[in-house]
Structures are given as structure tokens and as C-alpha cells.
Amino acid sequence: MAKSIDVSDLNIFYGDFLAVEDVTIPIAAKSVTAFIGPSGCGKSTFLRSLNRMHEVIRGARVEGKVLIDGQDLYGADMDPVNVRRMIGMVFQRPNPFPTMSIYDNVLAGQKLNSKRMKKTEADDIVERSLRSAGLWAEVKERLDRPGSGLSGGQQQRLCIARAISVEPEILLMDEPCSALDPISTSVIEDLIHELKSQYTIVIVTHNMQQAARVSDETAFFNLSGVGKPGRLIEHGRTEAIFSNPTDPATEAYIQGRFG
Amino acid sequence: MTSTQAPAPGRASVRRPGDRIFSGLSLSAGVLILVILAGVAIFLTVQGIPGITAHPDEVKSGKSFLPYVWPLVYGTLIAATIAMVIAVPVAIGVALFISHYAPRKLGQSLGYLIDLLAAVPSVVYGLWGIGFLAPHMVPFYAWLDEHLGFLPFFGPASATGRTILTASIVLAVMILPIMTAICREIFLQTPRLHEEAALALGATRWEMARLAIFPYARSGIVSAAMLGLGRALGETLAVAMVLSVGVGTVTANLIGSDNPSTIAANIALGFAEATGKSVNALIASGLVLFVITFLVNFAARSIVDRRKEFSGAN
């Protein structure tokens with residue numbers, strides 16, 4: 001199920017503005033890759049280019065190649081809608097649909113695929129997704145309640161359940177814990193560890209300890225100045241990046257000397 | 001957290017002048033609305049009761065109140081309903097196009113145009129209804145009569161085109177701008193977070209509208225529809241101009257020359273010549289319109305409130 005990602009020579013533009021320059025990085029299937037770097041260095045933009053969500057902004061475009069198990073993500077025959085069904089995303093702030101119940105939130109993606117489902121089948125998907133997201137025990141008694149009534153950490157896990165209910169190949173997470181308290185954060189981090197066995201996970205984080213705790217690979221992004229494009233400085237095994245970075249900027253960032 | 005503590009007994013809590021002035025202003029505004037509303041209701045009731053109880057011989061129509069007002073209520077409801085059926089989907093569609101589909105420049109100028117439409121006085125719509133729409137609807141009505149004549153709505157067709165259906169279409173055009181403008185503003189307020197949640201699940205633009213925009217905008221759409229409906233129910237001049245003069249009949253035929261009339265149009269046409277109890281009867285019909293409007297608004301609010309906890313406001 002999980003697929004690998006192979007990015008080569010990727011440039012991302014907003015109109016004429018080059019936001020991210022020349023990224024080449026392989027991402028292995030069933031691994032957790034963390035993107036770290038100062039604000040504005042393009043890591044979120046790059047993450048969003050992996051499921052073509054950056055195209056939501058007018059004028060956004062890319063040059064270069066993104067291959068998902070060898071298939072060109074930006075090929076002429078690829079519909080961004082299908083791409084996003086294949087590659088799930090969890091956002092910085094929890095965003096369950098406020099007008100839907102917990103149950104319907106989990107099934108939102110399924111309903112888009114417009115498959116007719118039996119009630120039992122739908123129930124199974126909801127339970128399985130919520131169990132995978134570690135939320136089942138907390139909400140099984142109130143599946144018909146609005147998702148917006150949950151705590152922030154529960155809402156974020158609901159969003160994870162919603163993303164994985166359609167069984168995507170890859171799960172992208174854009175600072176999924178930055179709006180959460182430390183306890184909710186640690187619950188989500190444990191969840192990432194478990195999900196790794198089934199999904200390829202890419203996570204953007206500002207929290208270096210988090211990158212060190214959850215990821216197998218780490219990529220460090222930086223930009224040389226305001227208005228300059230963000231660049232991938234280096235990437236490698238997380239232990240290596242944290243213990244023995246090759247670039248002085250990486251070392252400075254990790255040790256908290258800037259950023 | 002000292003700010004949450006109740007003030008100690010015997011010590012007045014600090015009240016800043018700005019707070020006091022603002023709370024006074026908003027309180028008096030709220031009270032003023034209630035006073036005006038009550039004033040209108042009392043006037044209508046006091047002046048209307050003699051009209052309701054009047055003997056058939058005392059009024060111009062020669063009928064007791066209920067048979068007199070019933071065809072007008074029927075005509076008012078029919079005209080407003082058809083106008084809503086036409087205008088609500090169009091308003092939502094246009095608003096969605098402006099807010100989410102059109103290129104930004106086009107959307108902005110379209111929105112501006114629609115705001116302008118809202119400022120056209122109703123007499124102009126009335127003129128347009130008689131002078132342009134009615135004659136142009138005549139062949140269409142003949143076609144309806146010929147092909148769908150077996151339905152009770154499309155009976156013998158009017159030769160002038162001045163029918164309740166024409167009046168309803170004019171009403172629909174009149175209420176379109178205000179509903180579109182409100183819907184557009186609300187659609188634009190949809191949190192980006194919710195739109196992205198839908199898109200990231202692989203929603204097409206239309207599915208995004210269904211998942212994120214419409215549920216979020218639901219109560220706003222109802223408010224917009226209520227404003228439009230209020231105008232459609234109460235619109236006087238355009239309807240009075242389009243419909244051929246008459247007390248109005250109760251008929252299912254929407255395209256006949258023997259058409260129903262509406263309460264507001266009937267008041268406008270009849271008030272100048274009315275005397276004695278006839279005036280009271282007209283005012284009583286106004287009271288009926290007031291009650292209808294009130295009930296419809298009440299029903300709409302309760303529909304919105306029923307799913308309040310899912311509204312996204314919490």
C-alpha cells in the first residue's frame with residue numbers, strides 16, 4: 001500500500017516568485033521523514049507540492065519531477081483530485097468539518113469516492129479508522145456528536161482518522177502538533193510510530209525534539225535571506241543529521257543558535 | 001485570575017465610561033426595534049379589528065372578511081413561493097460563481113453589478129415587467145398551454161402576459177440581488193481551513209462547496225432567503241403594476257388573465273378610494289400579511305436553530 005516518493009530538481013513558484021529551489025530528495029516507503037527549518041524556508045510549500053495542495057493558491061506551479069512509485073505526480077494524465085485521494089494530509093490546526101458528526105467526519109473522504117456503502121461496512125470503516133487514530137475508546141459512545149465538540153488533540157486525531165479512512169498511500173502532516181499541548185502531542189507522536197508500519201509519512205515540524213523522536217530521516221531546509229527561495233540544505237538519517245550534520249547551518253539550527 | 005472574581009460586597013466594580021456608553025447605545029437600539037414593532041402591531045390590530053368584524057354591507061367588496069382576504073393570502077403566498085423557487089437556486093449559484101469560480105477580477109465586477117441591481121427602485125422593475133417581460137412571455141405561455149395544458153397550473157393562457165407567473169418572475173429578479181450579495185459575502189467567509197480539509201480529501205470544487213461552504217453558510221443562506229422572502233411578500237408596486245386589476249381569484253392557473261392578487265398590491269390599489277370600514281378591512285389584510293411574515297421568519301429560525309450545535313459556531 002505505502003509508496004515511495006522520489007523528488008528531483010523541483011522548483012516551486014508562486015507566479016514569478018521562486019519559493020523553493022532545486023529540491024532533490026528520495027523518501028522511502030513506510031518511513032517517517034521530518035522536514036525541519038526556520039519559518040518561511042519553504043518546507044510547508046514543499047510538503048504541499050507533494051499532494052498538489054499548493055495549487056489551491058492562484059499562480060502556483062512547479063518545475064521538476066515528483067515520482068510516486070515511479071509514477072509522475074505532475075504528468076499530464078494526473079488529476080489533482082485523484083492525487084489528493086491517494087495522498088492524505090493533516091493540517092497544522094485541527095479542521096474537522098464543524099457541521100458534521102464524528103461519524104460523518106471519518107466517512108467524509110469515503111463519500112467523495114461516491115461509493116455506495118452498506119451501513120455495516122461504513123460502521124467498520126469508522127471503527128477501524130478511529131482505532132488506528134487511537135480515538136475509538138474516547139468517542140465510541142458519541143459518534144453522532146459534532147466533531148467540533150472534541151478537545152484540540154482529539155480533533156487532530158479525528159482528522160488523522162479522516163485522512164486514513166480512505167487508505168491513502170502516503171500521509172503528509174503539516175506541523176500536526178503545533179497547536180496542541182504536550183500530552184496530546186505525545187499521543188500523536190506515538191500514533192505516528194504505529195502508522196509508520198502501513199503508511200509513508202512526511203511531517204513538517206518546528207520542534208526539533210519531535211523530529212528526533214518520530215522520524216527515520218530528516219531534511220533540513222533553509223533560506224539565505226528574505227525574498228530568497230528556500231533550499232534543501234541536507235538530508236539523511238535522523239541520528240546522523242542530529243549528531244553529525246555536515247553543513248554548519250544545520251548544526252547551528254539544531255543547536256538552537258538561530259531560527 | 002482576579003478579573004473573574006465577583007466584586008467584594010460594598011465595593012462597586014469599576015465601570016468604564018466607554019463600556020457604559022456602548023452598552024446603553026446597544027440596549028436602546030434593541031429596545032427601539034421592539035417598540036417600533038409593537039407600535040406597528042398595535043396599530044394594525046386596533047385599526048384592523050373593525051374591518052374583520054365588519055358586516056359585508058359595510059365594505060366595498062361586499063364580502064365578510066375571511067372570504068375577502070383569503071384570495072389575497074393565496075395570491076401573496078403563490079407569488080412569493082414561485083419567486084423564491086426561481087431566485088434562491090440562482091442566487092446561490094451566482095454567489096458561488098462569484099466567490100469561488102470566477103477569476104478574481106470578473107468576480108469583483110460581477111459582484112459590483114449585482115449590488116447596483118439591488119438599488120433599482122421597484123417601480124422600474126414594474127415598468128420592465130409590463131413593458132418588456134409580459135409581452136415576451138405571451139408566446140411562452142401559449143406554448144405551455146398547448147403542451148402542458150393538462151396540468152392545472154397551465155390552463156387557458158392570458159393574451160397580455162400580465163399573469164401571476166409574470167409577477168413572480170419580476171419578484172424573483174427583484175429579490176435576486178440582495179440574496180446574492182449576502183450569500184456571496186458568507187461564502188467568502190468560509191474558513192480556508194475547512195475548504196482545504198475538503199480539498200485535501202480529494203474533493204472537486206463542487207464537492208468542496210457541498211462539504212465545506214454550504215454547511216458553513218447554511219444559516220446565512222436562510223437569512224438571505226428570509227430577506228428576499230420579506231421583500232417578495234411585501235412588494236407592492238411592481239406586482240400592482242404587472243397584474244391586471246381585480247380583487248383576485250383563487251385559481252391554480254398561473255398563466256391566466258383571471259389572476260390572483262396579493263395583499264400588498266390590493267392595499268396599494270384600494271387605499272386611495274377606500275372609506276369607512278373598507279379602510280379597516282385593508283388594514284386588517286395588512287395585519288394578516290404581518291402575521292404571515294412573522295410566522296415564516298419564525299419557522300426559518302427554528303429550522304436553523306434545530307442543528308445549532310452543528311453550526312460550526314462552537
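## Reading the contact between chain A and chain B

Mentor: In this predicted model, chain A and chain B bury about 2300 Å² between them, and 62% of that area lies on carbon and sulfur atoms. The contact draws on 28 residues from chain A and 26 residues from chain B.

Trainee: Why is the pair Arg85(A) and Glu207(B) called a salt bridge?

Mentor: The rule asks for a side-chain nitrogen of Lys or Arg within 4 Å of a carboxyl oxygen of Asp or Glu. The side chains of Arg85(A) and Glu207(B) meet at 3.1 Å, N to O, so the pair satisfies that cut-off. Between chain A and chain B the count is 2 salt bridges, and 4 residue pairs across this interface are found in polar contact.

Trainee: Which elements of chain A supply at least two residues each to the side that touches chain B?

Mentor: They are α2 (80-86), β6 (87-90) and α3 (102-112) of chain A. Sorted by class, that side of chain A has 15 nonpolar, 5 polar and 8 charged residues.

Trainee: What makes β5 and β6 of chain A edge strands?

Mentor: The open sheet of chain A has 10 strands in the order β5-β4-β1-β2-β10-β9-β3-β8-β7-β6, with mixed pairing. Because β5 (71-72) and β6 each have a single partner strand, one side of each is left without a neighbour in the sheet.

Trainee: How do you know that β4 and β5 of chain A count as paired?

Mentor: Two strands pair if at least two bridges are found between them. Strand β4 (residues 60-68) and β5(A) run in the antiparallel sense over 2 bridges, so the requirement is met. Within this pairing, Leu67(A) has Asp72(A) in β5(A) as its bridge partner.

Trainee: Which helix of chain A packs on the sheet, touching β3, β7 and β8?

Mentor: That is α7 (residues 182-195) of chain A, which touches β3 (32-36), β7 (170-174) and β8 (200-204), and whose direction makes about 150° with that of β8(A).

Trainee: What makes Arg131(A) and Glu127(A) a salt bridge, and how are they placed in their helix?

Mentor: Their closest N and O atoms are 2.6 Å apart, which is within 4 Å, so the pair qualifies. The two residues are 4 residues apart in helix α4 (residues 119-132) of chain A, and are therefore separated by about one helical turn. Over all chains, the structure holds 17 salt bridges.

Trainee: How many helices and strands does chain B have?

Mentor: Chain B comes to 10 helices and 0 strands, and its C-alpha atoms fill a box of roughly 75 × 60 × 30 Å along the principal axes.

Note on methods: Residues numbered from 1 in each chain as written. Chains lettered and ligands numbered in written order. Predicted model: local features only at pLDDT ≥ 70, side-chain atom pairs only at ≥ 80, totals over all residues. Heavy atoms only, no water. Contact = heavy atoms within 4.5 Å. Buried area = accessible area lost by both parts, 1.4 Å probe. Polar contact = N/O pair within 3.5 Å; in protein donor to acceptor, adjacent residues only side chain to side chain. Nonpolar A, V, L, I, M, F, W, Y, C, P; charged D, E, K, R; others polar. Axes fitted to C-alpha atoms, helices over the stretch in contact; angles between N-to-C directions.
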